[in-house]
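Thanks for coming. I will walk through one structure this morning, starting with a sheet and the helix on it, and then moving on to a hairpin, a helix pair and the cavities.

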Amino acid sequence: MSASSKQDAVIVIGGGIAGVSTLYELLARGIPAKLYEAREGVALETSFANGGLLTPSMSDPWNGPGVSKQLAASVTDPNSPMKLHMSRLPGLALWGFQFLRNSSPERHRRATLANYRLGALSLDHVRRLKEQLPLSFAENFAGTMKVFDSPEGEAHAIAVSNPLRPEGMRYSVLSPDEAVAMEPQLADIRKTIHSAIHYPDDAWGNAHLFATRLAEEAEKLGGCFVGDRTVRALAAEKGKLTGIHTEDGFEPARRVVLAAGARSPLLAKTVGVALPIKPVKGYSLTFDGLPTDALPRMPIIHDSMHAGITPIGGALRIAGTAELAGYSTTCSSARIDNLRRLLRRIYPSLYSQTGDAPSTPWAGLRPTSADGVAFIGETKIEGLWTNTGHGHLGWTLAAGSAHLLATMMTGGAPDIDPAPYDPKR
């Protein structure tokens, strides 16, 4: 391959679900591309043991109206679903100001709408990929359920969902008996359920397996995966990208897609591009070996806890919470205990069967933008594109984000308005 043709190949930085999806979409359009990942394989960081949810229904960003009070209270509350550590305040100053500024009702509404449009596009694309490719990732398209123990919780969820109905959002409010009929494992807490909402267009599965299978399909199309390779910096001259610096030296490139999750802003900064993204740690706890007939039929989401319980294949995963703790992926025993308590609260009988079951705690860093919307498109540096900042909706938005980005990179007509995701916004 000539030096010129090598430079024409798009370099994707980041082997998570956003990067792998981007690699595949470019190759599917006939664009030569290769992916650089610091780990030895794909989807071994934030995409590895996430909640497994594909949920356009959860499109509202976490910085909703009233989030400032929740964060302030979390400083002294170890059980708060969104946890702020005082030691991190200096590094969060600018991002935190933007995060709170975007919590106004109107800004939050616009962000929710942008996320929903992208999420709906993404889930449609996942279904198409499933039809076109031999993808198997413990998938299920039966929807998700939110359960409420108060009328306030239901009212909030409806207030978020109703404005999205013209965009295609579907949901059904369920009585306690209807909720138990749809998910019999809720029978133990029937008396404490005020209501529930079923979102029939949501789905779930194994995100790590999805990324692995899609990477295999990308390889069939000529894609190149370069593992164990850390990109240390980007390079640009006169406003144009010129290449990347890795541990092995400089590599020229005309186009790069930055899909490195929470570390994207660190690389963008090397060429003067500011991406207001901070890592927000999420946790999961996965139980294996539980009786198959004891597992729930579908994911149950506890909205106020920012957490959900999902059957993934033959395993059960409890995932969620949000912790502003920098780049540390250390598992806090207190946060894992929160997930155990959630399981006991929702499924007491199932919880009683977990005593001898193997369990795996895990933590990953969600790349959370200050306004709750991903950055998808070309930056002020010509040739530098981004696909990052998806927050808690990483897998939900991945396929749609990659489809949208690849369409723009090849000069096609986007399926949705790309303006809300513009990195230059």
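Let me start with helix α2, residues 17-28, which lies across four strands: β1 (10-13), β2, β13 (256-258) and β20 (384-388). Relative to β2, helix α2 runs at about 170 degrees. Please keep in mind that this is a predicted model.

Now the sheet under discussion. How many strands does it have, and in what order? There are six, in an open sheet, and the order is β9-β2-β1-β13-β20-β19. The pairing is mixed. The edge positions belong to β9 (224-226) and β19 (375-378); each has a single partner strand, so one side of each has no neighbour in the sheet. On average, and ignoring direction, neighbouring strands here are turned by 20 degrees against each other.

As background, strands of a sheet pair through backbone hydrogen bonds, and the pairing is either parallel or antiparallel. At the β9 edge, the pairing with β2 (residues 33-36) is in the parallel sense, over three bridges. One residue pair to look at is K34, whose bridge partner in β9 is C224.

Next, a hairpin. Strand β10, residues 231-237, and strand β11, residues 240-246, run antiparallel and are joined by six bridges. A236 has L241 of β11 as its bridge partner. Two residues sit between the strands, and K238 in that turn has a positive phi of about 50 degrees.

On to the helices. Two packed helices are described by the angle between their axes and by the distance between those axes. For helix α5 (residues 105-132) and helix α12 (residues 394-409), the axes come within 7 Å and the crossing angle is roughly 85 degrees. An angle from 65 to 115 degrees counts as roughly perpendicular, and α5 and α12 are therefore described that way. On the α5 side, the contact is made by N115, L118, G119, L121, S122, H125 and V126. On the α12 side, the contact residues include W395, T396, L397 and H403. By class, this contact has eight nonpolar and eight polar residues, and no charged ones.

Last, the cavities. The count is three cavities of 30 Å³ or more. How much space lies in the largest cavity? About 110 Å³. Its lining is made up of 14 residues, and P61, T368, G372, G391 and H392 lie nearest the centre. Which classes make up that lining? Five residues are nonpolar, nine are polar and none is charged.

That is the end of the tour.

Technical notes: Residues are numbered from 1 along each chain as its sequence is written. This is a predicted model: local features need pLDDT of at least 70, side-chain atom pairs count only at pLDDT 80 or more; totals for chains, interfaces and linings use all residues. Side-chain values use heavy atoms; hydrogens and water are left out. On a 1 Å grid over the protein atoms alone, a cavity is a set of points where a 1.4 Å probe fits but cannot get out, and a pocket is an open set with protein on both sides within 12 Å along at least five of seven lines; lining residues have an atom within 4 Å of a point. Grid points are joined across faces, edges and corners, and a volume is the space filled by probe spheres set on the points. Ala, Val, Leu, Ile, Met, Phe, Trp, Tyr, Cys and Pro count as nonpolar, Asp, Glu, Lys and Arg as charged, and the others, Gly among them, as polar. Axes are lines fitted to C-alpha atoms, for helices over the stretch in contact, and angles run from 0 to 180 degrees between N-to-C directions. Angles under 35 degrees count as roughly parallel, over 145 as roughly antiparallel, 65 to 115 as roughly perpendicular and the rest as oblique. Contact means heavy atoms within 4.5 Å. Two strands pair if DSSP finds at least two bridges between them.
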